[in-house]
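Q: I am new to reading protein structures and would like to take one careful look at a single kind of bond before moving outward from there. Please go slowly and explain each step.

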Amino acid sequence: MRAPATIIAALFVTLQPVRADQVDVVVQAGHQGRPQSCAALHVKACNLGTSFGTQLERNWTAIVADATADALRHAGLSVKRRPADYAGRDRARAAVFLHFDGSAPACRSGASVGFPAATDAAFARAWETVYRPLFPFRFAGENITRNEAQYYGFHKVDAPGKTLLIEFGEMTCAPQERWMAPRLHELGADLARFIGTELRP
Ligand SMILES: [Zn+2]
């Protein structure tokens, strides 16, 4: 009877670190930490994100991601808050990657979503159902660019069925920018409420 016990013990040791690493939610702020993080982590396509005047997308995503993480933690969920570049992979029940879009010419875009697999579509559409009535501008679609459909961050997380990139709106479009700028904390709270509902057993 010694051999099976040894095998079980070995499996336990192997699996335990992975389980300990799992969190409820990964929240990534798009472009945050760049450009500094690119060289350190050997990122070749160092996309710094969009901007409007003096406002930078990577500052906005950090504000929304912090607000989302705070609200989720307040609701009792465990959160891993990630910047654009980091070593390692995460396991989570849900993962969201936050962005604001840019367009030239301006105002050709709006809110949109990206997700890696057909199995993530229901989660994305549930978010659309929440966000469309709040956002008084155009919804530009699902996986509308290569960067959205094949987002590098999707490969850094294992959150099957609940992996989602969110573009809250087009930052380079003045009317959308004016609507979003004073609402960054509110967007985080809205997103946290949505995730909390989706993860409720
Ligand atoms: Zn972005």
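Which residue forms a disulfide with Cys 38, and how many Å apart are their sulfur atoms?

A: Please keep in mind from the start that this is a predicted model. Cys 38 forms a disulfide with Cys 46, and the two sulfur atoms are 2.0 Å apart. A disulfide is a covalent bond between the sulfur atoms of two cysteines. The torsion about the S-S bond of Cys 38 and Cys 46 is about 85°, and the disulfide is therefore right-handed. The surroundings of each partner can be read from the relative accessibility: Cys 38 has a value of 4%, so it counts as buried, whereas Cys 46, at 26%, counts as partly exposed. The cut-offs behind these words are under 20% for buried and over 50% for exposed, with partly exposed in between.

The bond you asked about is one of two disulfides in the structure. In the other, Cys 107 is joined to Cys 173, with a distance of 2.0 Å from S to S. This pair links distant parts of the chain, 66 residues apart: Cys 107 is in the loop between strand S5 (90-101) and strand S6 (111-114), while Cys 173 is in the loop between strand S9 (163-170) and helix H6 (174-180). Here the torsion about the S-S bond is about 95°, so the disulfide of Cys 107 and Cys 173 is right-handed. Cys 107 has 39% relative accessibility and therefore counts as partly exposed, whereas Cys 173, at 4%, counts as buried. If the bonded cysteines of the chain are numbered in sequence order, the pairing reads 1-2, 3-4.

Moving outward, we come to a metal site. The zinc ion is coordinated by His 31 through NE2, Glu 57 through OE and His 99 through ND1, at 2.1 Å, and along the chain these donors follow the spacing H-x25-E-x41-H. His 31 lies in the loop between strand S1 (23-29) and helix H2 (36-40), and Glu 57 lies in helix H3 (residues 57-74), so this pair ties together parts that are 26 residues apart in sequence. With a relative accessible area of 6%, His 31 is buried, and Glu 57, at 2% relative accessibility, also counts as buried.

Aromatic rings come next, and a search of the whole structure finds 14 aromatic pairs. In one of them, the ring centres of Phe 97 and Tyr 151 are 5.4 Å apart and the ring planes meet at 65°, so the pair is edge-to-face. Phe 97 is in strand S5 and Tyr 151 in the loop between helix H5 (146-149) and strand S8 (157-158), so that distant parts of the chain, 54 residues apart, are linked by this pair. Phe 97 counts as buried at 0% relative accessibility, and Tyr 151 is buried with a relative accessible area of 6%. Phe 97 also forms an edge-to-face pair with Phe 154, at 5.8 Å centre to centre and with 75° between the planes. Because Phe 97 lies in strand S5 and Phe 154 in the loop between H5 and S8, this pair ties together parts that are 57 residues apart in sequence. Phe 154 has a relative accessible area of 8% and is buried.

Finally, one ring has a charge for company: the charged end of Lys 156 sits over the ring of Tyr 86, 4.5 Å from its centre.

Definitions and conventions: Residues are numbered from 1 along each chain as its sequence is written. This is a predicted model: local features need pLDDT of at least 70, side-chain atom pairs count only at pLDDT 80 or more; totals for chains, interfaces and linings use all residues. Side-chain values use heavy atoms; hydrogens and water are left out. A disulfide is a pair of cysteine sulfur atoms within 2.5 Å. Buried means under 20% relative accessible area, exposed over 50%, partly exposed in between (1.4 Å probe, protein chains only). Helices (H or I, at least four residues) and strands (E, at least two) are DSSP runs, numbered from the N terminus. Donors are N, O and S atoms within 2.8 Å of the metal (3.2 Å for Na, K and Ca); water is not among the atoms, so sites may look incomplete. Rings of Phe, Tyr and Trp (its six-membered ring) pair if their centres lie within 6.5 Å; planes under 30 degrees apart count as stacked, over 60 as edge-to-face and the rest as tilted. A charge sits over a ring if NZ of Lys or CZ of Arg is within 6 Å of the ring centre and within 35 degrees of the ring normal.
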